[in-house]
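Trainee: I am new to this structure, and I would like to learn how its sheets are described. Could we go through them together, term by term?

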Amino acid sequence: LADTSGSSSGIISVYDMDGKLLREFPSPNTVYPVGIEMVDGKLLIGERQGGGTTQKLQIIDPITGQVEFSVLNPYNKRFGPRGLGYDGEKYVYQICTFFPGGTGPTEVLLMRIDKNDLGTEVDNISLENINGLINARGVDYDPSDKNFWVSTFNNSIYKLAGFETNISSVSAQPALHESIIETDLYPNPMTEFSTFSFKLKE
């Protein structure tokens, strides 16, 4: 999905695995198109700009670009909808940011949406770390552990716990140290393994 003219239109380009351009067609989302995902053989596309009736989620034919279904995005705040992901079964996931003004977002969410009811939010997770909100853009569902890969405006990639991940056993343990521990992880982003080291005061 390529934005082409000052946030007012876009082109959807289709390539094969060797990078050869197969076809292109205009995006039917015309107000800063952003977010694209294959859902059961169809393309799901979104748009970021505007508000009210201009921020839509649309299902289109990936061959012709013909719109088959259109609905108001369940997150229609300023500069809100971003990247889209799909778990391959039931749920679509969308990065959502709210920029009411100024330089930074005041809300960043990972929203869960039922693929059969694209206009309704099912659940959400606030995206933040010890430094505050994660200015997220892209999202991809990891079927191996049901968690998420999230990319940011600042060129970082996070592996984030998903909606099904149980972390209560960790949070229920008594705190052994009251201050925050910060350390470097290697490799970052994590693959199957990561290492870190720290020292606690006696």
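**Strands and sheets**

Mentor: Strand S14 and strand S15 (residues 147–152) pair in the antiparallel sense, over six bridges. This is a predicted model, in which local features need pLDDT of at least 70, side-chain atom pairs count only at pLDDT 80 or more, and totals for chains, interfaces and linings use all residues. Residues are numbered from 1 along each chain as its sequence is written, and side-chain values use heavy atoms, with hydrogens and water left out.

Trainee: Why are S14 and S15 called paired?

Mentor: Two strands (DSSP runs of E, at least two residues, numbered from the N terminus) pair if DSSP finds at least two bridges between them. S14 and S15 have six bridges, so they meet that definition. Within this pairing, Val139 stands opposite Val150 in S15.

Trainee: Which strands are the edge strands of the sheet with the order S14-S15-S16?

Mentor: That open sheet has three strands with antiparallel pairing, and its edge strands are S14 (136–142) and S16 (157–160), because each pairs on one side only. The twist averages 25° from one strand to the next, where axes are lines fitted to C-alpha atoms and angles run from 0 to 180 degrees between N-to-C directions.

Trainee: What makes S9 and S10 a pair?

Mentor: Eight bridges join strand S9 (residues 91–98) to strand S10 (residues 107–114), so the requirement for pairing is met here too. The two strands run antiparallel, and Val92 stands opposite Ile113 in S10. They belong to an open sheet of four strands in the order S8-S9-S10-S11, whose edge strands are S8 (81–86) and S11 (121–126).
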